[in-house]
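Work through the exercises below with the structure open. Try each task before reading its solution.

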Protein chains: 2
Amino acid sequence: MGSRIGVGLLGLGTVGGGVASILLSPDERHPLVADLDLVRVAVRDLDRPRPVDLSADQLTKDPEAVVNDPSVDVVVEVIGGIEPARSLILKAISNGKSVVTANKAVIARHGREIADAAAAAGVYVLIEAAVGGGIPIIEPLKQSLGGNRINRVSGIINGTTNYILTRMATEGVAYDDVIAEAQRLGYAEADPAADVDGLDAADKIAILAALAFGGAIDRSGVPTEGISSLQGRDVEYASQLGYGVKLLAVAERMTDQGATDVLPLSLRVQPTLVPTDHPLAGVNGVNNAILVEGDPIGRVMFYGPGAGAGPTASAVVADILNIAGVRHASEAAGRLDPLLAADSWRQCKLVDPGDVRQKHYVRFHTSDTPGVIGRIGSCFGDRDVSIQSIVQFRANEAGAEIVVITHDVTQKQMDDALKEIQSMPEISGMAAHLGCL
Amino acid sequence: MGSRIGVGLLGLGTVGGGVASILLSPDERHPLVADLDLVRVAVRDLDRPRPVDLSADQLTKDPEAVVNDPSVDVVVEVIGGIEPARSLILKAISNGKSVVTANKAVIARHGREIADAAAAAGVYVLIEAAVGGGIPIIEPLKQSLGGNRINRVSGIINGTTNYILTRMATEGVAYDDVIAEAQRLGYAEADPAADVDGLDAADKIAILAALAFGGAIDRSGVPTEGISSLQGRDVEYASQLGYGVKLLAVAERMTDQGATDVLPLSLRVQPTLVPTDHPLAGVNGVNNAILVEGDPIGRVMFYGPGAGAGPTASAVVADILNIAGVRHASEAAGRLDPLLAADSWRQCKLVDPGDVRQKHYVRFHTSDTPGVIGRIGSCFGDRDVSIQSIVQFRANEAGAEIVVITHDVTQKQMDDALKEIQSMPEISGMAAHLGCL
């Protein structure tokens with residue numbers, strides 16, 4: 001179909017093995033797959049048994065041998081982590097090779113540096129596999145939504161936590177029990193912190209926001225809250241009130257002021273109540289879904305398997321094919337397709353989280369004094385915090401639990417009111433504080 | 001950002017107006033939008049008031065003036081219908097212009113002719129807006145799933161019928177009442193046949209199948225059943241059995257025999273029971289969703305507004321941007337990106353619908369004779385039709401209704417059994433026959 005493309009692979013773990021397996025069995029896939037030659041693969045251990053049949057001269061223990069190999073046109077980085085991944089990517093770029101990576105950590109932190117290097121070298125760095133596993137979301141954001149003014153990108157972009165939350169909701173299992181089983185099943189790492197603390201989701205929403213809004217994002221400024229302190233009780237109360245609880249990552253435009261030098265954005269990751277009739281509410285198990293809202297498109301959602309060897313390999317191969325396709329069109333022209341290259345075109349800044357308006361869910365322990373609901377309501381009202389519902393659960397001699405769902409208010413208003421309420425003698429504590437859609 | 005691209009517009013109705021409005025307000029959209037010049041627009045009536053501000057020399061009543069204008073690089077066809085749309089598209093192509101069209105009818109019937117002409121002329125014909133309104137589905141199929149062996153594409157791809165079915169399900173309204181209101185609200189045409197008879201969905205599934213499976217589809221061979229004879233009673237019974245009823249369009253690979261000269265496919269459009277926990281079951285109102293199943297990706301879904309000026313215009317502009325982007329990379333190279341051009345790479349044939357296996361839902365009127373369920377069950381069993389459930393509804397002195405849901409069986413087996421059952425004296429008729437997932 002086109003000219004042949006040499007592919008070099010850094011890493012032959014789960015995803016790398018999946019990629020190799022697609023490249024070595026092109027039948028029934030797009031015919032362009034047959035033009036891809038897997039020429040060189042860097043592995044940690046030459047003697048380990050492998051799922052794919054590779055010759056001794058294809059394998060090397062030296063990743064530099066891959067990024068320096070003149071017959072390699074596209075380097076696929078699937079070793080993960082910051083270093084040596086970052087250096088190898090930059091080396092491949094400086095050698096004039098395009099790069100495909102599934103590495104959200106390195107892109108979220110060093111995406112600007114890598115993009116600048118790629119633009120200078122006239123090569124592509126494609127990252128479809130870094131967010132949402134197999135779901136096409138990066139390329140649609142770049143290539144299918146450019147006519148829109150994007151207002152909001154939100155979604156469930158961590159499969160491990162969504163699996164845990166789904167189990168908690170459907171079976172009433174406690175967080176600690178689910179995490180143990182998720183580890184046994186391989187859905188959660190031995191050290192699950194990156195997932196359950198929301199760090200992985202924060203990496204991914206930073207990447208999505210940079211593409212959707214066209215400017216680099218300061219990853220370190222993303223307020224991030226995980227699910228490790230989430231209690232089964234709140235999942236249960238949310239359900240009674242018509243909501244599911246999801247770990248939601250959100251990136252939204254903060255003003256309506258049209259074109260501006262620096263675009264103010266709010267990014268955040270937090271456990272959030274999602275109304276049961278919302279498209280994201282039905283996304284269960286290890287599935288992911290990303291909702292993009294823009295003008296004039298309205299709301300589109302991309303749904304599918306958020307992780308796993310096969311889906312992630314599908315995304316990696318899609319990126320290689322895109323490079324092969326556009327190279328075929330532009331060979332010798334020496335110019336990049338700006339949509340595929342996805343250069344940033346403006347500056348973005350993260351706003352003060354205290355200024356961000358959203359709905360809140362809070363749960364208080366109270367001594368069940370008559371009138372406490374009224375006093376909580378007045379306290380919120382005094383600070384212009386408008387309330388959607390106050391419901392009392394489990395009143396008994398030990399006290400009661402009061403759940404409040406507000407309308408949209410700023411974090412600052414909310415913090416002021418909560419401070420005041422927690423100082424009331426009849427309030428023994430705030431047991432939970434979540435976001436709400 | 002790049003060089004300027006001249007856009008010519010055929011038609012300034014709802015979608016055309018939406019496209020013009022995006023092109024004339026590039027702020028806050030992808031910067032490449034600012035490189036698009038709306039140079040010429042063909043309209044039916046020069047004096048009609050318009051939603052966008054166009055100068056007299058931009059407007060013409062002669063569509064030929066647009067496709068022959070040397071300053072037009074990309075022709076956008078949004079007049080719809082077969083002719084003169086087909087001739088104008090071919091004329092634009094022969095003039096060396098790329099084409100963007102939202103016209104599913106012309107692409108489903110003349111796609112092969114148009115693609116051949118485009119390949120010969122070295123131009124692109126992009127059709128994102130032809131299926132699923134604003135939902136990115138055409139480009140992801142072409143550019144993001146090429147590493148997969150696609151097994152099945154199915155979906156809800158007609159917004160009018162989905163609106164009607166949603167109203168019937170949620171409010172128990174009868175078909176005739178909903179269609180009248182849908183017409184009042186502008187969700188259904190004065191002559192709704194193309195929608196309610198499934199013809200529009202058949203056009204679209206033929207287009208999706210051609211891209212997913214890589215070969216032209218004989219549109220006239222797609223078995224198509226609409227919703228105009230669907231009864232509210234079946235929507236109600238389906239709901240009691242844990243299903244929603246959707247007008248589903250399906251394209252699936254029929255064998256597992258690997259690479260073959262001619263790929264056997266089944267395409268069909270029919271009202272289908274969808275289990276309530278299936279991702280397509282929650283797609284309501286005028287929304288569309290397309291589910292793509294492949295190996296190794298598993299299952300991904302694309303969801304969003306299936307129609308409307310804004311979403312459809314978003315898809316049209318995405319196509320123009322893709323042409324602008326790849327042209328920027330390949331200017332003077334004179335070659336096409338094979339992914340974007342999406343040439344077909346094999347032959348497909350539609351199999352005999354009688355050989356297609358699926359689950360069925362049937363409803364019989366019976367005189368409530370003891371034992372009739374047993375006799376129906378035996379009759380299916382004798383023909384190897386395995387049954388998932390038989391349920392009796394509304395038994396009274398006038399008789400009863402028996403609903404049967406089968407496991408996967410071929411249409412031929414089913415037809416044989418149904419013929420036999422309808423000849424039983426205690427069966428007064430078959431009142432409904434739908435598909436089932």
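The exercises go from the contact between chains to sheets, helices and backbone details of this predicted model.

**Exercise 1. The relation between the copies**

Task: Find the operation that lays chain A on chain B, and classify it.

Solution:
- Step 1. Superpose the chains. A turn of 180 degrees with a shift of 0.0 Å along the axis lays chain A on chain B, with an RMSD of 0.0 Å.
- Step 2. Classify the operation. The two copies are thus related as by a two-fold rotation axis.
- Step 3. Locate the axis in chain A. The C-alpha of S330(A) is nearest to the axis, at 2.0 Å.
- Step 4. Compare the contact surfaces. Both copies use the same surface, since 100% of the contact residues of chain A recur in chain B.

**Exercise 2. The contact between chains**

Task: Describe the side of chain A that touches chain B, by element and by residue class.

Solution:
- Step 1. Count the residues. Chain A has 61 residues in contact with 61 residues of chain B.
- Step 2. Assign them to elements. At least two residues each come from α1 (14–23), α5 (138–143), β11 (298–305), α11 (309–330) and α12 (338–341) of chain A.
- Step 3. Rank the elements. α11(A) gives the most, with 13 residues.
- Step 4. Sort by class. This side of chain A has 32 nonpolar, 19 polar and 10 charged residues.

**Exercise 3. Strand pairing across the chains**

Task: Which residue of β11(B) is the bridge partner of F302(A)?

Solution:
- Step 1. Identify the strands. β11(A) pairs with β11 (residues 298–305) of chain B.
- Step 2. Give the sense and the bridges. The pairing is antiparallel and runs over three bridges.
- Step 3. Read off the partner. F302(A) is bridged to F302(B).

**Exercise 4. The six-stranded sheet**

Task: Give the strand order of the open sheet in each chain, then find its edges.

Solution:
- Step 1. Trace chain A. Its six strands follow the order β3-β2-β1-β4-β5-β6, with parallel pairing.
- Step 2. Find the edges in chain A. β3 (59–60) and β6 (125–126) of chain A each pair on one side only.
- Step 3. Check one pair inside this sheet. β4 (residues 74–77) and β5 (residues 98–101) of chain A are parallel over four bridges. V75(A) stands opposite V99(A) in β5(A).
- Step 4. Trace chain B. The order of its six-stranded open sheet is β3-β2-β1-β4-β5-β6, and the pairing is parallel.
- Step 5. Find the edges in chain B. β3 (59–60) and β6 (125–126) of chain B each have a single partner strand, so one side of each lacks a neighbour in the sheet.
- Step 6. Check the pair at β6(B). Two bridges join β5 (residues 98–101) of chain B to β6(B), in the parallel sense. Here V100(B) stands opposite L126(B).

**Exercise 5. Two helix packings**

Task: Describe how α4(A) packs on α9(A), and how α1(B) packs on α11(B).

Solution:
- Step 1. Take α4 (residues 104–121) and α9 (residues 199–213) of chain A. Their angle is about 55 degrees and their axes are 9 Å apart.
- Step 2. Classify the angle. α4(A) and α9(A) are therefore oblique to each other. Their crossing is left-handed.
- Step 3. List the contact. Residues including K104(A), I107(A) and G111(A) of α4(A) meet residues of α9(A), among them D200(A), K204(A) and I207(A). The classes are six nonpolar, one polar and four charged.
- Step 4. Take α1 (residues 14–23) and α11 (residues 309–330) of chain B. The angle is about 60 degrees, with the axes 8 Å apart.
- Step 5. Classify again. α1(B) and α11(B) are therefore oblique. The crossing is right-handed.
- Step 6. List this contact. Contributors include G17(B), G18(B) and I22(B) of α1(B), and G310(B), A313(B) and V317(B) of α11(B). The contact of α1(B) with α11(B) has seven nonpolar, five polar and no charged residues.

**Exercise 6. A hairpin and backbone details**

Task: How many residues join β14(A) to β15(A) in the hairpin, and where do P296(A), P296(B) and E28(A) lie?

Solution:
- Step 1. Pair the strands. Seven bridges join β14 (residues 387–396) to β15 (residues 399–406) of chain A, which run antiparallel. V391(A) has V403(A) as its bridge partner.
- Step 2. Count the link. The hairpin joins β14(A) to β15(A) through two residues.
- Step 3. Inspect the prolines. D295(A) and P296(A) are joined by a cis peptide bond, with omega about 15 degrees. D295(B) and P296(B) are also joined by a cis peptide bond, with omega about 10 degrees.
- Step 4. Place them. P296(A) is in the loop between β10 (287–295) and β11 of chain A. P296(B) is in the loop between β10 (287–295) and β11 of chain B.
- Step 5. Inspect E28(A). Its phi is positive, about 75 degrees, although E28(A) is not a glycine. E28(A) is in the loop between α1 and β2 (36–42) of chain A.

Technical notes
Residues numbered from 1 in each chain as written. Chains lettered and ligands numbered in written order. Predicted model: local features only at pLDDT ≥ 70, side-chain atom pairs only at ≥ 80, totals over all residues. Axes fitted to C-alpha atoms, helices over the stretch in contact; angles between N-to-C directions. Parallel < 35°, antiparallel > 145°, perpendicular 65-115°, else oblique. Left-handed = near helix turned anticlockwise from the far one by under 90°. Contact = placed C-beta atoms within 7 Å. Nonpolar A, V, L, I, M, F, W, Y, C, P; charged D, E, K, R; others polar. Pairing = 2+ DSSP bridges. Least-squares fit on C-alpha atoms with pLDDT ≥ 70 in both.
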